[in-house]
Amino acid sequence: NKLAIDAPESADDFNKADITTGDRHLADLLYHCDAVASHISTLAIDAIVFDKPAFFIGFNTKPMPYHQGVRWFFDMDCARDLIVTGAVKLSENMKEFEKQLLAYLADPKLGEKERDFVRGRYCYKLVCKSGERLGKLLADTLLGIRK
């Protein structure tokens with residue numbers, strides 16, 4: 001019965017917001033939410049990490065030409081590839097978004113296999129220590145070049 005819209009506190013202007021300053025807050029939000037709706041963003045993958053249904057809002061509130069609206073973003077490879085997996089739903093109008101969201105709220109396991117696929121494909125090792133793995137890879141690569 002609740003809808004939460006959360007804006008990062010680090011900036012008054014959304015275009016200048018830095019959510020990395022509140023990663024713990026973001027993690028808490030994703031852990032406790034039922035679903036995540038966003039514009040084109042890697043936030044959809046973050047939601048999938050927490051096994052939450054993710055939705056891309058692919059419509060404007062007012063009619064406008066294709067390249068001036070949000071819809072064209074979802075024809076870009078990075079978004080289209082994620083949508084094709086079925087793990088992220090593209091809502092092209094409010095009625096479609098409502099229908100998709102209510103289906104997931106009625107059955108949270110809906111899309112579970114698709115989210116598993118995305119985690120396996122895009123989220124290599126969800127066990128932290130990514131900096132350590134990157135450092136080892138760089139060191140191994142540099143040492144390999146020097147030999």
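Me: Which elements are included in what covers the buried residues of α4?
Reply: This is a predicted model, so the picture here is a computed one. The buried residues of α4 to look for are Phe97, Gln100 and Tyr104. What covers them includes β1 (36-38), β2 (54-57), β3 (88-91) and α5 (112-122).

Me: Do the buried residues of α4 line one face or are they spread around, and what arc do they fall within?
Reply: Start with the three buried ones, Phe97, Gln100 and Tyr104. Looking down the axis of α4, these buried residues line one face of the helix, because they fall within an arc of 70 degrees.

Me: What does the face of α4 turned away from its buried side carry?
Reply: The buried side of α4 belongs to Phe97, Gln100 and Tyr104. Go round to the face turned away from them and you meet exposed residues: Met94, Lys95, Lys99 and Ala106.

Me: How far apart are the end C-alpha atoms of α4, and what span should its 13 residues have?
Reply: Helix α4 covers residues 94-106, and the reckoning is 1.5 Å a residue. The expected span takes one less than the number of residues, so the 13 residues should span 18 Å. The end C-alpha atoms agree with that, at 18 Å apart.

Me: Which side chain reaches the backbone nitrogen of Lys95 at the start of α4?
Reply: Lys95 is one of the exposed residues on the face of α4 turned away from the buried side. Its backbone nitrogen has a side-chain oxygen within 3.2 Å, and that oxygen belongs to Asn93.

Me: Is Gln100 buried or exposed, and what is its relative accessible area?
Reply: Gln100 is found in helix α4. Leaving aside neighbours within four places in sequence, it is in contact with Phe55, Lys89, Leu90 and Ser91. The cut-off for buried is under 20% relative accessible area, so Gln100 counts as buried, at 15%.

Me: Which helices do the buried residues of α5 pack against?
Reply: In α5 the buried residues are Arg115, Val118 and Arg119. They fall within an arc of 100 degrees seen down the axis, so they line one face of α5. On the other side, Lys113 and Gly120 are exposed. The buried ones pack against α2, α3 and α4.

Me: Which element gives the most to the largest nonpolar core?
Reply: This core has 19 residues, and those with the most contacts inside it are Ala44, Phe56, Phe74, Leu82 and Val88. At least two residues each come from α1 (23-32), α2 (43-49), β2, α3 (77-84) and β3. With four residues, the top giver is α2.

Me: Which residues is Leu82 in contact with, leaving aside its neighbours within four places in sequence?
Reply: Leu82 is among the residues with the most contacts inside the largest nonpolar core. Set aside its neighbours within four places in sequence, and its contacts are Ala44, Ile45, Phe56, Ala87, Val88, Val118 and Tyr122.

Me: How many aromatic pairs are there, and how far apart in sequence are Phe56 and Phe74?
Reply: The count comes to four aromatic pairs. Phe56 and Phe74 form one that is tilted, 5.1 Å centre to centre with 40 degrees between the planes. Phe56 sits in strand β2 and Phe74 in the loop between β2 and α3, so the pair links distant parts of the chain, and both are buried. To recap, there are four pairs, and these two partners are 18 residues apart.

Me: Why does the pair of Trp72 and Phe73 count as stacked?
Reply: Trp72 is partly exposed at 28% relative accessible area, and Phe73 is partly exposed too, at 24%. Their ring centres are 4.4 Å apart. Planes under 30 degrees apart count as stacked, and this pair is stacked because its planes are at 25 degrees.

Me: Where is Asp51, and what is its phi?
Reply: Asp51 is found in the loop between α2 and β2. It is partly exposed, with a relative accessible area of 29%. Although Asp51 is not a glycine, its phi is positive, at about 60 degrees.

Terms used. Residues are numbered from 1 along each chain as its sequence is written. This is a predicted model: local features need pLDDT of at least 70, side-chain atom pairs count only at pLDDT 80 or more; totals for chains, interfaces and linings use all residues. Side-chain values use heavy atoms; hydrogens and water are left out. Buried means under 20% relative accessible area, exposed over 50%, partly exposed in between (1.4 Å probe, protein chains only). The arc is that of the directions from the helix axis to the C-beta atoms. Contact means heavy atoms within 4.5 Å. A polar contact is a pair of N or O atoms within 3.5 Å; within protein, one must be able to donate a hydrogen and the other to accept it, and residues adjacent in sequence count only if both atoms are side-chain atoms. A nonpolar core is a set of buried Ala, Val, Leu, Ile, Met, Phe, Trp, Tyr and Cys residues joined through side-chain atoms within 4.5 Å. Rings of Phe, Tyr and Trp (its six-membered ring) pair if their centres lie within 6.5 Å; planes under 30 degrees apart count as stacked, over 60 as edge-to-face and the rest as tilted.
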